[in-house]
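Ready for a couple of interface exercises? Have a look at the model below, then work through the tasks one by one.

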Amino acid sequence: MLRARKRSAAAIALLVSGAMLASGCSSSKSSSSSTKTTTDSGQQITLKVGLFGTFGFKEAGLYDQYMKLHPNIKIVEDSVEDEGQYYTSLQTHLSAGSGLDDIQGIEVGRIADVDQNLSSKFVDLNSLGAASLKSNFYPAKWSAATTSDGKVMALGTDYGPLAICYRTDLFKAAGLPTDSAGVSALWPDWNSYVQTGLKYKAKAPANQAWTDTAGGTFNAIVGQSANQYYDSSGKEIADTNPAVQNAWNIAMQLSTQGLTAKLSQFTPAWNQAFTTGSFATIACPAWMTGYIKSEAGAMTGDWGVAKIPGGTGDWGGSYLAIPKASKHQKEAYDLINWLTNPDQQKTMFTSQGHFPSSQTAAQDPSIASHTDPYFGDSPLGQIYAASAATIPQAVLGAKDGTIKDTFSKAITRVEAQGQAPQASWTKALSDIKAATSG
Amino acid sequence: MAVATTESPLEKALPPPGGRSWRSRRARWDLKFSPYAFVSPFFVLFAAFGLYPLIWTAWTSLHKVELENPDQSTWVGLKNYTDLLSDHNFWNAFRNTFQMGVLSTVPQLMMALGLAHLLNYKLRGRTFWRVAVLSPFATSVAAATLVFAQLFGRDYGFINWVLHFAGIHAIDFQNGTWSAQIAISVIVTWRWTGYNALIYLAAMQSIPAEQYESAAMDGANRWQQFRHVTVPGLRPTIVFTIVVSTIGASQLFGEPLLFSGGGSNPEMGGVSRQYQTLSMYFYERGFTDQHLGRAAAIAWAMFLMIVLFVLINTLLARRTRSAK
């Protein structure tokens, strides 16, 4: 939205073309093959990358770096703020077979849909040599993008290990500890998180809530469980799964006791609230730290990162896939292979806060030792690495994203419209039924 | 179709007489077929972009079709339609569309009439006022809605800031039912009032000045002139604007879609669908949930409703005219 896209044109890449051919050969198998394409045709190829939200490749300077290594490649990114709108239009383009980019970002809530329903429309990356990359990635991340018959649909960009981001200045004013370890000790489990919230509320001004919306908390709690909205046979179980029920109960405690700022995530009002300080804590997957920095701006040291109640969990993390309609599948594969290589994933974490989906990268000492002055030098890397190491291997389903959105709306109904929790729950289940059945 | 009639039997019936030149034959063909050629673009375009989608949608509405695989469809008969009857989201959308239609159309047309009456006076800088009145209509839906969504914001919106001086507590416009519907109606009214005002103004200027003069001579003041000369003179125009506004209102989409200002699934029209219109519900079923068959049934139901509304409007208009 308001985020400035400061990026100079790819013109520089062209200037250095001849000299860079040699250096391109030195890196990896894949990039040497694409260099060969250059020498074969010498043609300029434009790769279009369709993304949503903030993937951060551009901001981390990775496109520029890649275009320097591959002078014949020009990368054009086209990005949509909201994932829901992005995915809807992607599906429409896929069924029409036109309007597709060479590379398409896929959110984790949609990856099962891609495996189960859209596998015929994306390139099997094994055919381009992806099989050799398997050991790089977290097994859960890799298997989520693999179809039942072994096709690999996409490569993982980042992972969503969980923590809680909190406002140190607001905590201090409310007489709570402000250092990461002290804050983590406040909430070994979700009940104590709610209790701390009540303590905070007693001391804080009326316009400062404990958390932005219970919808975020709900997602985090569901993300701590292996069984979420589907069982392993592919049956939708949102209504009977005790893990979902438990997440709902905690969310309802927050909502009905006035502990939330009643915001909807990813709306302009929510973005503004990061700076104005209308909430003190937020369930914070690794990628959210990058989001906070870009929204909250000049608040260095006012934020901290603490452990999530329950210690581990996963929310989000995306994939890159290549539609069969792409005319440059080989070049597109070289690019996504490079973007998701351990080296680039390390850069993405230290510069954008996107935690590696590559376990090779995650085990690198530079990850665990990473801190960020913006977050008051909280042990970011250590907290997220510990969370990522024990994430349960979740069972994903085709409509996970839709179900997640439906529950977020159900929670806002209770928070902002005062609907009774039971009525909102019943309505959510009937909405899910309507959306998942033909 | 016009194209089909071009294979005229006359052509075969008239053997080309040897003496007739190619030129005169061509002139005859020209006379006979050119009119069809001239009107054919409309029919061809209508067939491609009007008739074909209409029929295709009707066919789809009788099948179970998913957007991901539009080639595979299963015949389900009228099930999509009978499902709609018991679908409370559909009736919710129907009610919202109707409510917002009334909330926006009625004040909009009344204000337009008043504005047109004012513009009809001899004013200094008349052209300026006319352009000013029309300028909201030239604004894009997206731009207008996004600005209004900011104005109606709960925490940092201008309107709540003003209300706060009046001692009124911040209203959560987006999350309320009536507050959201009124806010959206304000956007629609803001955009369309000037457009209707100019239509009324044009019609007002065709009312003979003598009527006003004689009314003035009979001692009618401005208000009485407006009621007894202007409004009766405008009746056909008013009926026209009501019909057009009704069609517009039943297809309301852009304003409510963008009113949430972002977030997931804007087509749901708020967390409890408190401002979801029929078009948005159609979009949700078709493109978010991917159920093309069910979406097509909604589209056809909407089409039939619009036809019904226009019929009722016309009947009412005819009745009032004959009652006069």
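A polar contact here is a pair of N or O atoms within 3.5 Å, where, within protein, one must be able to donate a hydrogen and the other to accept it. Keep in mind that the model is predicted.

**Exercise 1.** Describe how domain 1 and domain 2 of chain B meet.

*Solution.* Start with the bounds: domain 1 of chain B covers 11-60 and domain 2 covers 79-323. Their centres, taken over C-alpha atoms, are 41 Å apart. Four residues of domain 1 and six of domain 2 make the contact. Next, the area: the two domains bury about 440 Å² between them, with 78% of it on carbon and sulfur atoms. On the domain 1 side, B:Leu54, B:Thr57 and B:Thr60 lose the most area, together 78% of what that side buries. Finally, apply the polar rule: one residue pair is in polar contact (both at pLDDT 80 or more), while the salt bridge count is zero.

**Exercise 2.** Now do the interface of chain B and chain A: which side chains meet in a salt bridge?

*Solution.* Size it up first: each chain brings 33 residues to the contact, and the buried area is about 2,800 Å², 44% of it from carbon and sulfur atoms. B:Glu68, B:Tyr156 and B:Val271 supply 24% of the area that chain B buries here, more than any other three residues. Then go polar: there are 11 residue pairs in polar contact (both at pLDDT 80 or more) and one salt bridge. That salt bridge joins B:Arg273 and A:Asp431 at 3.6 Å, N to O. As for elements, H12(B) gives the largest share of chain B's side, four residues. By type, that side has eight nonpolar, 15 polar and 10 charged residues.

Technical notes:
Residues numbered from 1 in each chain as written. Chains lettered and ligands numbered in written order. Predicted model: local features only at pLDDT ≥ 70, side-chain atom pairs only at ≥ 80, totals over all residues. Heavy atoms only, no water. Contact = heavy atoms within 4.5 Å. Buried area = accessible area lost by both parts, 1.4 Å probe. Salt bridge = Lys/Arg side-chain N within 4 Å of Asp/Glu carboxyl O. Polar contact = N/O pair within 3.5 Å; in protein donor to acceptor, adjacent residues only side chain to side chain. Helix = DSSP H or I, 4+ residues; strand = E, 2+ residues; numbered from the N terminus. Nonpolar A, V, L, I, M, F, W, Y, C, P; charged D, E, K, R; others polar. Domains from an automatic or database assignment.
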